[in-house]
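Student: I would like a close look at a single part of this model. Please take the largest pocket and the residues around it, then work outwards.

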Amino acid sequence: MRIMIINGPNLNLLGVREPHIYGSTTLDAIRASCEEFAKFAGAQLAFHQSNHEGVLVDLIQSARTEADALIINPAAYSFTSVAMFDALKILEGPIFEVHISNIHARDELHRHSRLSAAVKAVIAGLGPYGYIVAMQAALQGEGKLPSALPAAMRLGPR
Ligand code: CA2
């Protein structure tokens with residue numbers, strides 16, 4: 001299974017600035033953990049970050065042919081980008097929106113993601129572990145979680 005992870009503006013500064021809000025984990029460390037989990041699960045991972053809205057739209061469009069599931073932390077563009085919303089709506093595969101912080105518990109400016117209406121699920125507030133949870137959900141949805149994991153984790157309640 002091919003998973004693409006896209007990160008939006010300023011997330012390249014994770015762990016470097018504002019650790020009281022976003023923690024001390026760097027984007028490189030998040031990438032390394034996601035690559036480790038992808039390897040365990042036998043999945044292919046493409047991991048991207050851009051500060052530019054047009055580049056992010058191009059990446060979302062590329063996921064149409066290059067990924068089976070998309071995980072996106074749109075960062076500040078969550079609250080403004082109609083162009084990214086339109087691009088997400090065109091994708092056929094499942095989309096998981098990740099936020100490191102719990103955007104629902106934040107100020108009015110950071111509370112209402114415009115993009116959530118175009119995605120399958122939103123994971124917010126789990127810190128960097130949210131990316132791993134999103135990868136699990138993407139794999140679980142395709143029945144692609146490794147059989148080494150307990151059935152409750154692979155299949156859920158029956
Ligand atoms: O919690 C998240 O993952 C966010 O998407 C992060 C965005 C914020 O606008 C969203 O409301 C929630 C901001 C990312 C900015 O990242 C920084 C990292 C270090 C220093 C400054 C900003």
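Tutor: **The largest pocket and its surroundings**

The largest pocket is lined by 19 residues, and those nearest its centre are Pro 9, Asn 10, Leu 11, Tyr 22 and Ala 75. A pocket here is an open set of points on a 1 Å grid over the protein atoms alone, where a 1.4 Å probe fits, with protein on both sides within 12 Å along at least five of seven lines; lining residues have an atom within 4 Å of a point. The volume is about 390 Å³, taken as the space filled by probe spheres set on the points, which are joined across faces, edges and corners. By class, the lining has 10 nonpolar, 6 polar and 3 charged residues. Nonpolar covers Ala, Val, Leu, Ile, Met, Phe, Trp, Tyr, Cys and Pro; charged covers Asp, Glu, Lys and Arg; the others, Gly among them, are polar.

A word on the basis. This is a predicted model, where local features need pLDDT of at least 70, side-chain atom pairs count only at pLDDT 80 or more, and totals for chains, interfaces and linings use all residues. Residues are numbered from 1 along each chain as its sequence is written, and side-chain values use heavy atoms, with hydrogens and water left out.

Now the backbone at the pocket. Most residues other than glycine have a negative phi. Asn 10 has a positive phi, near 75°. Asn 10 sits in the loop between β1 (2–7) and α1 (19–22). Helices (H or I, at least four residues) and strands (E, at least two) are DSSP runs, numbered from the N terminus. Ala 75 also has a positive phi, near 50°. Its place is the loop between β3 (69–73) and α4 (82–90). Ala 75 is buried at 15% relative accessible area. Buried means under 20%, exposed over 50%, and partly exposed in between, with a 1.4 Å probe and protein chains only.

Next, Leu 27. This residue is in helix α2 and is buried at 10% relative accessibility. Beyond neighbours within four places in sequence, Leu 27 contacts Asn 7, Leu 11, Asn 12, Leu 14, Phe 47 and Gln 49. Contact means heavy atoms within 4.5 Å. One of these partners, Leu 11, is also among the residues nearest the pocket centre.

Asn 7 is another partner of Leu 27. Asn 7 lies in strand β1, buried at 0% relative accessible area. Leaving out residues up to four places away in sequence, Asn 7 touches Leu 27, Phe 47, His 48, Gln 49, Ser 50, Leu 56, Asn 73 and Tyr 131.

Tyr 131 leads to helix α5 (residues 129–141). In α5, Tyr 131 is buried, as are Gly 130, Ile 132, Ala 134, Met 135, Gln 136, Ala 138 and Leu 139. The 13 residues of α5 reach 18 Å from first C-alpha to last, close to the 18 Å expected at 1.5 Å a residue; the expected span is 1.5 Å times one less than the number of residues. Just after α5, Gly 143 takes a positive phi of about 65°.

Back to α2 for its rings. Phe 37 and Phe 40 are 3 residues apart in helix α2 (residues 27–41), about one helical turn. They form a tilted aromatic pair, 6.1 Å centre to centre, with 35° between the planes. Rings of Phe, Tyr and Trp (its six-membered ring) pair if their centres lie within 6.5 Å; planes under 30 degrees apart are stacked, over 60 edge-to-face, the rest tilted. Phe 37 is buried at 13%, whereas Phe 40 is partly exposed at 45%.
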